[in-house]
Amino acid sequence: MTVTSADPRVATADDTPLLRVQSLGIRHEGAELEAPASATFDVARGEVVLLLGPSGAGKSTLALSLNGLIPHAVPATVAGTVRVDGLDTAHTPVATLSTHVGMVFQDPDAQLVTGTLLDEVAFGPENLRMPVEIVLARAEDALRRVGLWERRRENPDRLSGGGRQRLAIACALAMGSPLLVLDEPTANLDPQGIEEVYAALGELVAAGDRAIVLIEHNLDAAVAITDRVVVLDADGRTIADGTIDEVLRARADELHTMGVWLPAATIAALRLRAAGWTLDPLPVSPDELHAALEAAEAPAADAPASAADVRSPGPRVASGGDATSGGGISVPASSLGVIPSPGDRGTPLITVRGLRTRRGRAEILHGIDLDVHAGEFVAIVGANGAGKTTLLQSIAGVVPVPRGQVVVDGTDVARTALRHLSRRIGFVFQNPEHQFIAHTVFDELAHGLRLQKLPDAEVSARAFEILRRFGLEDKADVHPFLLSGGQKRRLSVGTALVAGAPVLALDEPTFGQDRARADELMHLLRELSRSGTTILIVTHDMHLVTEYAHRTIIVGDGRITADAETSRIFADDALLRSAGLRQPPLRRAFAGLRRHPSLAGITRLTDLPRALDARQTDAQGVTS
Amino acid sequence: MTTITIDPYASIGARGRFLYGLGPLAKLSAPLPAMVLLVFARDIATPLAFIALAYLVLLTGARLTARLLLLLVVAIPAGALVLGLGMAVWTDASRVDTSVVIVQIGGWTLYGGALFIGLATGVRLAAIISLALIAGLTTSGPDFVRASVQQLRVPYRIGYTALAAFRFVPRFGHELDVIRQAHRVRGAHGGRGPFAALARWWGYIVPLLAGAIRHAERVALAMDARAFGAHPDRTERHLVPWRVRDTVFIALFWLASAGILIRFFPWSL
């Protein structure tokens, strides 16, 4: 092992931190600000460090500097030092560092080079000119550790998303590096894939031979394997470095205010504390929260409700933000919640009857019946390949459907040209860039209006109204591709709505995005929903579903397997599992609470009891 | 679920079929002189003879699948015929033998000379394609890259990067589908005809390129992180040696090619 005694305090090789980051500041070429500005932390051998920070703190940039990709492959100005095994990454080639630091990136597809799993894992050791026997031995060991050895002869394309990300972990392991850096490894995965990846990581941590630096927004899974937490502030300065107890539990309020995403269980616990509950120590996982609640007394103010075991959604709906949501959906009251019959709400806005959609020769949807009323917020969920995207695309007329099976706002989708359909339903694709067709933001919005042959004055007025509404006024003349990620997403929603569509359909709009951006979009959708827009969304993120959707539809094998109020769907664990879905963390914490049955039905943060003085604040805010 | 027609990584092999036992470079260089010289041939007999040679090698040396037979028996002859007739119509009538009239429609005449030239062109292309299939149908992408790196001394950085780029093809195909769908939904560039189509395709290029560049950058970083290009060479787990049978195959094929070329010299009408 090469250990240069750069640090005077080092006495023996065993005391040297594996990774030492000191006052690291990185400015990308062409950028004005450094992000991170001054990060400092150590990682010891075998230690698992979770790196947290608000969006824009430069976490991914920091990750790239750990194996020298910054500054060697990505042009950037670097201040401070990163030392791995005593090697200064600024002056050591990436190839040398690759045997000290293994990397796993967010997009599993962008890490594949060869045609079989075995070749893929062997690729790194081969580049290091290792003898064939050692290459094979390492490949076998790495593939076995992630449970893919049996499939070594297959093309990686045939693996699921979770499988491909496990393969990427195996590839990093095969480099033989004592440190693994994982940058948002589960952001592109469905719930099952996330579980697979964390099962593999869990075994890795149990073996204890590799240190891990983990950047992850899915904290509920990550916290379980974490030894230490390092937190960067918005500028990218280290402001906390310690165990989960010292950082997550002791300084949760501070971190939350800063915009650092915390485990859902912790956020819930903070809110309960504000409402007078005593939860000490602060829970960081669903299980801990569950146990803490079973052990805690209900606060005096809330006691009568608990004692009477009355699920009284009434006052909460009135006090919470949901009072204005359309359709009068009751919250949460799983046992009482019945979707009002169509008679209560007049004619449905969307009617689907016996829908059979084909792609080529294969029938994807086998007879779907569905009604959606004006103002509903509907989530369509299901396993990969279940047909949920096809259902959404059929409703929006993106794929051809037989006549008379889908009616949106009084119009038969099959008989209407797409350009006229945009007045009834707007469709937002996963990647906003895909749907941009004009050279300026203004033209992008005006396009849909000009298609309707509106006079120029009206086109301009309506386009500017949308620009204002989505906070893009000063971007009217900018090329859509030059907007920031969040702005692109807002523009794509704007273009879908500009023609006046009462329905918005979104296909996995938060896929591959960080929590902050996903949240920004979901808040926007909630506001649209409150002002009367009907929203249909396909997503894998169960947290978003339970937080925002009034109603959830589970699609399996081209049929609707369940369709009910969101809280009712998530009360049925067996149903979720059979559909390849998982309970979001809040549900796992509150389900089956014996001591406080009034909390047992809670699925959303907004359903939690609130502190009296907090009732007027925004749903996401936590008073301290 | 998705239909990926060509898998450049698929391992190819069949027992008792000699083409799979030959090196990729031998299979490529054996028909190469004939393929080059066929460009200059103007008759029908020479290309026909080479088609016969290529078919003989393929039918005895490659695994007989329905796909291969369809290709050899239907696709190539039909392609040659269609191309031949097309070229016959297109040929400048003032420069051909006008002694035989095949068809006369109004003031336009298809002469026997034009038809002959057209068919000769079609058959020539069919011959070149058939010869290329000898290597094309029996060699996997990685084997070709390995042989190029090991024997032709092609830098491995180029060879393996090209191989990685094969992965992009189905991905971009899928991305293009989504972009077309998205643009259709937006009601972009309605209308029929070649100009509207051109405008439509132009609109797909920017988002496709933006996605492609981003993806390529990510793949490059991932490869760098695994020490790609660290050393002047890398471990080759699969050696693709040059064997005696490769030399024998090339010698025999060149002899046969020479025989055909001499027999039909000067390959003109």
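These legends accompany close-up views of a predicted model.

**View 1. Chain A is assigned three stretches of structure as domains 1, 2 and 3.** Domain 1 of chain A covers 36-244. Domain 2 of chain A is made from two segments, 263-330 and 590-624. Domain 3 of chain A spans 342-589.

**View 2. Domain 1 of chain A touches domain 2 of chain A.** Domain 1 of chain A gives 5 residues to this contact. Domain 2 of chain A gives 6 residues. On the domain 1 side, 4 residues are nonpolar and 1 is charged. No polar residue is found on that side.

**View 3. An open sheet in chain A has 4 strands.** The order is β14-β11-β16-β17, and the pairing is antiparallel. Strands β14 (368-372) and β17 (411-412) of chain A form the edges. Each of these edge strands pairs on one side only.

**View 4. Strand β11 of chain A meets strand β16 of chain A inside this sheet.** Residues 350-355 make up β11 of chain A, and residues 406-408 make up β16 of chain A. The two strands run antiparallel and are joined by 3 bridges. Which residue in β16(A) is the bridge partner of A:Thr351? The partner is A:Val407.

**View 5. The largest nonpolar core has 113 residues.** The residues with the most contacts inside this core are A:Val121, A:Ala170, A:Leu179, A:Leu214 and A:Ala268. Take A:Ala170, leaving aside its neighbours within four places in sequence. A:Ala170 is then in contact with A:Val121, A:Ala142, A:Leu143, A:Arg145, A:Val146 and A:Leu148. Another core, of 77 residues, lies apart from the largest one. Among its residues are A:Val428, A:Val459 and A:Tyr548 from chain A, and B:Val185 from chain B. In soluble globular proteins, nonpolar side chains tend to be buried together.

**View 6. Chain B has two assigned domains, 1 and 2.** Domain 1 of chain B joins segments 18-139 and 239-264. Domain 2 of chain B covers 156-225. Taken over C-alpha atoms, the centres of the two domains are 34 Å apart.

**View 7. Chain B is in contact with chain A.** The contact takes 40 residues of chain B and 46 residues of chain A. On the chain B side, the elements that give two or more residues are α8 (168-186) and α9 (194-225). How many residues does α9(B) give to the side of chain B that touches chain A? It gives 13, the most of any element there. By class, the chain B side has 20 nonpolar, 9 polar and 11 charged residues.

Definitions and conventions: Residues numbered from 1 in each chain as written. Chains lettered and ligands numbered in written order. Predicted model: local features only at pLDDT ≥ 70, side-chain atom pairs only at ≥ 80, totals over all residues. Domains from an automatic or database assignment. Pairing = 2+ DSSP bridges. Contact = placed C-beta atoms within 7 Å. Nonpolar A, V, L, I, M, F, W, Y, C, P; charged D, E, K, R; others polar. Core = buried A, V, L, I, M, F, W, Y, C linked by C-beta atoms within 7 Å. Buried ≥ 20, exposed ≤ 12 C-beta atoms within 10 Å, placed from the backbone.
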